[in-house]
Each structure stands twice: as C-alpha cells, then as structure tokens.
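The following exercises are to be worked through with the structure in view. Each task is followed by a solution in steps.

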Amino acid sequence: MACFERASPALKDILLKLYRAEKPMEIDHQLYEFGSVQYHIQSSASDPHHTYLSISTPLLSQGALLPDKLSHATIEMIKGVGSNAVDIVEPAKEGYHLTLRLNFSKIPRDKDSVKVITQISAMQAVIISYQLKEMLQNVNSQVTLHGMHKPIKLVYHPREPFFVIRQPQKIIAVFPMRFKENSDVIIATAFFQELMDVGSSQEWAKAPPCIWSPIPPPELRGETFEDLSTNGGFVSFDIYSRHVEGKRLDKTVWSLLNFYAYVKSHVKCTRGFIQRRMRKRLESLVKVLQKASSEEEEEEEQFGKDQDAGCNYMRKLVSLSKSKILKRRSYGVLSRKIKRIRFRIKIHGFGRFRRRWLRFPKFSSSMGYTKLD
Amino acid sequence: MCLQNFPCQEVERHNKPEVELKTSPELLLNPVLICRNEAEKCLIETSINSLRISLKVKQADELENILTKKFLRFLSMRAEAFQVLRRKPVQGYDISFLITNYHYEDMQKHKLIDFIVQFMEDIEKEISELKMSVNTRGRLVATEFLKQFI
C-alpha cells in the first residue's frame, strides 16, 4: 500500500529489462517497498523461458483475524491477470504469499507488451483491492447491532486501521486520523475542511460526501478506546451504489485504501512548501538590510573622497604659506643687499621718501580659501 | 533612537547592552507599549546604549498560529544575517530586535527604522500569503482526490 501508482516502478523496470534482453540473464533480485511489501525475482540462464516472481504483502485483516494465505476467489482473479504468460506456482515459495511463473515468450511483441508487464507489476495492488471488494460483498453475513451492521475494522498497517460500516443504501468508510506533530494535525485539519467544502459543492455532487469531525461518529460507538483515540479527528466517506458500479469500483477501492498515504503525502509536501517560501522571504528581507548598509558605505566613500580633496588643498595651502614666509625672509635679506650695492649715492631722507611714495602696489592673491561643504 | 557608547559600570572593560541587563535603573528609559488590540502589540525598551523592540503578531486561528511560530523561529535561528534581530524573542512576544550603539554607528538611523517598519509589514503580509497558499493547495489536492471517484 502507500503507493498511488498500482504498478511497482522498480518491479516493472526489472521485468521490462528481462523482457527486452537479447540473451538470457541471471537475475536474483529482492525488492522491499514501503516496509511491508516484498518481491523476489529469479531468472536463470539455464531456464531462459521462465522467470519466477514471489510476492509477500500484508493482507487486509478483519480486526484480530489475520489471514495467512490468499482466498480462493483472489487466486482465481489473479489467474485472469496476465493471460497465458502468468501461471501460479503452488505451493508458494517459503515466506511469500504468492509465487508466479512468468513466460515472456507468450507475451505478444507489440504495444500491448508493456501493458501486460504493467499488469503483472500491479499484482500486489490487485490482491489488496480484491480483498477489500470481497469483504464489502460479504458484509451481509455480519452480526447486526441495534439494527445496523457492525463496523468492520480493516487493518493494513498496524497503526492505521479504518472502519467500513454497511448501511441499507450506502457504505460508510471511517478513517481515524493520527499524526505525530501538532503542526501536521493543523495542516491536515485545514485539508479536511477544504475536502468537506469541495465535496459539498454543486460541481462535485457525484463524488462521495465527506465529513470530518473531531469526535468519533455514532456508528463507531462500542469500539475500543485505543481505536477511537486520535488527534486528527475522523474522516467519513459515504459510498453509494453509483460509486461502485462497473469500473468505478476499482477506483473507489484504490482511493479508500490510499487515503492515509494521500493525506500524509499532502502534509509532507505542504511542510516543504512552507520551508521553501520562508527561505525565499529570508533572502528578500536580508537584501533590504544589505542595501541599507551598502548605501551607507557608498556615502562614506564619497565623503572620504571629499575629505581627502579638502585635506590636500589644506596641505597645499599650508605649504604655500610656509614657503612664502621663508621666501620673504630670504628675499628681504637679499633685496637689502642688492639695494645697498645699487644705490651708491646716499641721499639723507630719500629712503623714507622712497618707502612711502615709491612702493609698488600689492595685488590680492588669486588663491583664496575654499570653504568645505 | 539616540544611542551612545557606554561602558559597563559594574565590570571593568566590558561593554554590554544595558537594556538586556537592567542592572542600573538610571540608564534605562521608560518602556513604551503600543497596542493595536489585545493580540497585536509592540514594546519598545530603551537604554543609554541599546534599544529593544518586541513585536506580537496577530494570529487569528490555529493555522496562522503555527505559520507565525514556524516563520519567526526560522528567522530567529538565522539572526546573524539580520544583525539587529534577537535569537530569542522576549517572553510574551513573537519576535524581538536588539539595536546597540554599534549598529547605530554602522548603519544610518532612518534606514534602520525603515527596515524595522518594512520587516513588520512584510511579516504580516507573508503570513497571510502563506495561509492562503496552504488553503489553496489543500483545495487543489482535495479536488484531485475526489476526481478519482468520478
């Protein structure tokens, strides 16, 4: 169970490889699926026409009654699958419920070959589905309780039993839901509410009505406390005759058998989705902060550049004034010497006259101080 | 938001955010509590060298409750990416920021405030979108399941 596709992908792959092989192959594969289904495929080069497939699957049990072998009706139904290419080997190999002898030479070499191999790979699903169909058909012989049929407890996985209750015009399938974590319970509850809303709409009137309740339905009154203690409530499907007519019976049975797996898969995918969304949002939030920091850095760099320019200018200004002072000093001494040499004729008072009236005007410096912004 | 460097008065050569320690009452300002309603509030605690902002986000139902808890815990565990985010929120609140004078020096004040305001808006928006997405996914999955019966 816990497989939405009926055909086992690994088994189908191996069988197709054997079917398409040009030379006989030696194969001895053991496959385990979902912890409870086991396949053993054996093919020998000394017997190239036959391949042996053994299947072990947990069978649907009715409460305490554990079946150890397949019923006669199930075996007859298996014989109908795969036509001439499949023969049942009796007794089955030790440790397995069913052993099949496959003859690939009898499978037609056309487009239908893949279909036949797919049917063989889906044998386990066929066994389980037929068991549920048989139980539903044999419900009339069960003990009635207060005029109603007693609920049948079907156990496929030890921790995931479900109940089937037959009523005059419908069959009710009740699934007690249990989850390990509280967040799973809440996500699943949201899903069950959507299931109820969708099922009750006009568009989906043909689908079986679905009801979710946190408390056990009245039909399960009298069942054990262990079976009725849940944290995810109870999901009930009302199956009418229109849902089990013809080919729909197979689909309905398969959907009911896979309901637990469907819900758990949805919860797991939703958790993964939430995690991905959170990571994406984290990246966008961090970008905002990084942007703010990078803008600050850019402004600091610009300020730094401006500051350097100002400092350089100041440095130039300071160096200019120092040189000017030095020049003044040296110039003054030198100029006085030159004047003494040039002006040999000394006129009393002329020096004072010259200093006062014969000075060259001083022009203002073009290099002004620039105020920093 | 006026923060300055202030070394610890009790331990030499230590510099601690005073709003976290609360050992010296003279260094703390009066906390400010802003409530939109009982479910949404913001607590601002200030001290001389640090500031703590704690937020309580609206949670209307159980789904919003778990989404908020998951998301804010996710962000808190990655607090180093945000620098100003506290790893553990203050008791009674969903998320807390701790801004110290060092952050104040490294980042611009108005940008920091804009970040916190935008963070608050984004959180609410993200949680609403997450809730809507979860419900939409549930509806699609329910539709696909019921199709098998038709």
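**Exercise 1. Burial and make-up of chain A**

Determine what share of chain A counts as buried, and describe the chain's secondary structure and contacts.

*Solution.*
Step 1. In this predicted model, a residue counts as buried when its relative accessible area is under 20%. By that criterion, 40% of the 373 residues of chain A are buried.
Step 2. The secondary structure of chain A consists of nine helices and 13 strands.
Step 3. Consider the contacts in chain A between residues at least 6 apart in sequence: 62% of these join residues at least 24 apart.
Step 4. The exposed area of chain A is about 23,900 Å², and 54% of it is supplied by carbon and sulfur atoms.

**Exercise 2. One helix of chain A**

Identify which residues of helix 2 of chain A are buried, and state on which side of the helix they lie.

*Solution.*
Step 1. Helix 2 of chain A covers residues 72-79, and its buried residues are A:T74, A:I75, A:M77 and A:I78.
Step 2. Around the helix axis these residues cover an arc of only 160°, so they lie on the same side of helix 2 of chain A.
Step 3. A general rule about helices may be recalled here: an α-helix has 3.6 residues a turn, so residues three or four places apart point the same way.

**Exercise 3. The nonpolar cores**

Find the residues with the most contacts inside the largest nonpolar core, and list the contacts of A:F237.

*Solution.*
Step 1. The largest nonpolar core comprises 110 residues. Those with the most contacts inside this core are A:F192, A:F237 and A:F259 of chain A, together with B:L75 and B:F119 of chain B.
Step 2. Neighbours of A:F237 within four places in sequence are set aside; A:F237 is then in contact with residues including A:I171, A:L195, A:P208, A:C210, A:L256 and A:F259. Chain B also appears among the contacts of A:F237, through B:F145.
Step 3. There is a second, separate core of seven residues, among them A:F163, A:I165, A:I172 and A:F234.

**Exercise 4. Size and pattern of chain B**

Compare the radius of gyration of chain B with that of a compact globule of 150 residues, and describe how chain B is built.

*Solution.*
Step 1. A compact globule of 150 residues would have a radius of gyration near 15 Å, whereas the value for chain B is 20 Å.
Step 2. The C-alpha trace of chain B spans about 75 × 30 × 25 Å along its principal axes.
Step 3. Chain B contains five helices and four strands, which follow one another in the pattern α-β-β-β-α-α-β-α-α.
Step 4. Of the 150 residues in chain B, 45% are buried. The chain exposes about 8,200 Å², of which carbon and sulfur atoms supply 52%.

**Exercise 5. Salt bridges**

Three salt bridges are to be placed in the structure: A:R277 with B:E129, B:E20 with B:R86, and B:E144 with B:K147. State which parts of the structure each pair joins.

*Solution.*
Step 1. Over all chains, the structure holds 22 salt bridges.
Step 2. In the bridge between A:R277 and B:E129, the closest N and O atoms are 2.8 Å apart. A:R277 belongs to helix 8 of chain A and B:E129 to helix 5 of chain B, so this pair joins two chains. B:E129 is partly exposed, at 29% relative accessibility.
Step 3. B:E20 and B:R86 form a salt bridge with an N to O distance of 2.8 Å. This pair links distant parts of the chain, 66 residues apart: B:E20 is in helix 1 of chain B, and B:R86 is in the loop between helix 3 and strand 4. Both residues also belong to a network of salt bridges that links B:E20, B:K22, B:E45, B:R52 and B:R86.
Step 4. The N to O distance between B:E144 and B:K147 is 3.1 Å. These residues are three residues apart in helix 5 of chain B, so about one helical turn separates them.

**Exercise 6. Backbone details**

Locate the cis peptide bond from A:E90 to A:P91 and the positive phi angle of B:R13.

*Solution.*
Step 1. The bond from A:E90 to A:P91 is cis, with omega near 0°; A:P91 lies in the loop between strand 5 and strand 6 of chain A.
Step 2. B:R13 is not a glycine, yet its phi is positive, at about 65°. B:R13 is located in the segment before helix 1 of chain B and counts as exposed, at 82% relative accessibility.

Terms used:
Residues numbered from 1 in each chain as written. Chains lettered and ligands numbered in written order. Predicted model: local features only at pLDDT ≥ 70, side-chain atom pairs only at ≥ 80, totals over all residues. Heavy atoms only, no water. Core = buried A, V, L, I, M, F, W, Y, C linked by side-chain atoms within 4.5 Å. Buried < 20%, exposed > 50% of the residue type's maximum accessible area, 1.4 Å probe, protein only. Contact = heavy atoms within 4.5 Å. Arc of directions from axis to C-beta. Areas by Shrake-Rupley, 256 points an atom, 1.4 Å probe, with all protein chains shown as cover. Salt bridge = Lys/Arg side-chain N within 4 Å of Asp/Glu carboxyl O. Rg over C-alpha atoms; globule rule 2.2 N^0.38 Å.
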